[in-house]
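Here are a few notes to read alongside the model. They go through some helix pairs and then the cavities.

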Amino acid sequence: MVAWFTTPNCLRGRRVAVGLLLFSLFQCFLTTGVVFGWPSLLLILKNDGVYESRCEANLPNCSDREVAFNLVYSLGAMMNVLGLTVAGWIPNPKISMVIGLLLTAVGSLMLGLTPGSNEWVWPIAFSLHGWAGGMAQMPCYSLGNAFGTGKGFVIACYVSVYCASALMYQIMLLIYRAGLSREQILICHASLTILCAVVSSWSWPSRPVKVGDILRMQGWRVELVTVDIDGDTSLETRSVGTKKGNLRKVMQAALSFRYISFLTFYLIELWFARGLVGYFAPMIDWKNTRLIERTGHGLDIDKHVSVFALMNALIGSTAIPFFGWIVARYGHRTAPFVMTALLGVVVIGAFLLPEEWPLYVMYVASGWHRQFVLSTYYNFVASEFTVEVFGRLAGLGTLASAGSGLTQWPVLEYTLNGLEGNFAPLFVVLLIIGVVLLILAILGFLQEQCCPSCLGCQKGSAYEHDPKASDASGSTDTPKQIDSDQTLACQHRPTADGNTTLDDSDLEGNNRREDDDNIDRISPRNGGLLGPAVATWEPQAAM
């Protein structure tokens, strides 16, 4: 396997893959998560008089105007995850990516060319930005398979750029304040995304990248090449489609207890993260009023909006090494959940403190929290379930988060009108929920550390260790293969020394997962890269 990764053809493929990675990171920055930079775009729209007619007596702000703007944001955030859902079911990543980029351009043109007096275009235009961002993002994750053991780093880069793309609206705000008009700025953004769509239509592969693929230039196009165990190469020509068997696997995995419990945690924490962005403008106004009443000094609203947008977009990138260390040291099943829940509690608690300085703590913690929510999500699904169902399960999760996101608009409306803009009761409830999640996550972590076998192989795993079985050599370290239709594999088993074991349960694929620590590996040998269909234990020598 090491020889395969060091062949000259593979090295050439790595150079092409690096080039495609850098280009795709740039276009992801332009499109994927721009809707979460909403506070900066909101200042531009307010300055141009959007929804100004909702307020009486020429007031600059009122509850009706804030509710209208929040509806625009809620629809955009919902459409972002719907775009991820749809992209997860499209077998050709090039199609999904190009459609996403073109829809982004259409949304930018609508946002730029629509006069401020119009009231119905804004939800449509912002929803296009959200939908298109999801469509352009999901196809990128498979590129990590071209980097071998660097796959996790590549996925973390995409997650980080997804968060950092919220800076796109902040950049637009800075250019707007420098003198350019909203029309000029968004026309330039549309032009860049159209250029990216043209390049992607020529350069991006027409199927997802799999383990064992390298990338090679054929003229101006990137082709995928399959490499066998001896280093021989051949162009991959078969298409990838949705099979009934894969659909059945998706449904089995989606209805499993571990996926449902994980999804519940994810939806609540994501609601915290997105609610903070959607509610930030009225939240900071309420905080400003309370500080004036208490101390006589208010907040610099524009400064806080800029700092929040900057921290929410960039500070999450600094969490990548820490997240990687946590997963490498403690595994992906409990420790990332503890940190995610802890950061959520810090964010909510800091906002409730009656001073200005905790707001800056909240800004930093919110950036880390959002990074941890998304990284934990994609890392857990990719590690717990097989390659065939990863994209579809990720899509189902984002679809569920879209539904939960719709509740943010009525909650804000009740807070502004029913509670007269008082955010304290809402955040007290959120703090209680966050503390409960944190306690549950800590209990799960302690159970994993004190009883490693408690979170080991469960019923439904593709492999189950049978100490009484023996292979042809007389070894008793042979696993008993159970029903191959079961898809919920034991892919991560905590060991007594704190390390983790990753087992590849894909009985129909050609994938092989490896861990750098002292582990026992189960390799599916099904006529793919690793030979005939025999499942064997392969003890790794101590380093």
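Which residues in H12 meet which residues in H16?

1. Phe280, Ile284 and Lys287 are the H12 residues in this contact, and they meet Leu359, Met362 and Tyr363 in H16. Contact here means heavy atoms within 4.5 Å. Sorted by class, this contact has five nonpolar, no polar and one charged residues. (Ala, Val, Leu, Ile, Met, Phe, Trp, Tyr, Cys and Pro count as nonpolar, Asp, Glu, Lys and Arg as charged, and the others, Gly among them, as polar.)

2. A word on the basis of these notes: this is a predicted model, in which local features need pLDDT of at least 70 and side-chain atom pairs count only at pLDDT 80 or more, while totals for chains, interfaces and linings use all residues. Residues are numbered from 1 along each chain as its sequence is written, and side-chain values use heavy atoms, with hydrogens and water left out.

3. Back to the same pair, H12 (residues 280–295) and H16 (residues 357–384): they pack at an angle of about 160°, with axes 12 Å apart. H12 is therefore roughly antiparallel to H16, a label for angles over 145 degrees. Axes are lines fitted to C-alpha atoms, for helices over the stretch in contact, and angles run from 0 to 180 degrees between N-to-C directions. Helices are DSSP runs (H or I, at least four residues), numbered from the N terminus. H12 passes H16 in a right-handed crossing, with the near helix turned clockwise from the far one by less than a right angle; anticlockwise would be left-handed.

4. Next, please look at H5 (residues 93–113) and H9 (residues 182–203), whose axes lie 8 Å apart at an angle of about 170°. These two helices are therefore roughly antiparallel as well, and H5 passes H9 in a left-handed crossing. Residues in the contact include Met97, Leu101 and Ala105 of H5, and Leu186, Ala190 and Ala197 of H9. By class there are 14 nonpolar, seven polar and three charged residues in this contact.

5. H3 (residues 38–47) and H8 (residues 167–178) pack at about 35°, with axes 7 Å apart. H3 passes H8 in a left-handed crossing. Among the residues that meet are Trp38, Leu41 and Ile44 in H3, and Tyr169, Leu173 and Arg177 in H8. The contact divides into eight nonpolar, three polar and one charged.

6. Finally, the cavities: there are eleven of 30 Å³ or more. (On a 1 Å grid over the protein atoms alone, a cavity is a set of points where a 1.4 Å probe fits but cannot get out; lining residues have an atom within 4 Å of a point.) The largest has a volume of about 80 Å³, the space filled by probe spheres set on the points. Its lining includes Trp271, Phe272, Tyr279, Val347 and Phe427. H11 (257–278), H15 (335–352) and H19 (424–450) each supply at least two lining residues, and H11 gives the most, with four. The lining has eight nonpolar residues, one polar and no charged.

Definitions and conventions. Angles under 35 degrees count as roughly parallel, over 145 as roughly antiparallel, 65 to 115 as roughly perpendicular and the rest as oblique. On a 1 Å grid over the protein atoms alone, a cavity is a set of points where a 1.4 Å probe fits but cannot get out, and a pocket is an open set with protein on both sides within 12 Å along at least five of seven lines; lining residues have an atom within 4 Å of a point.
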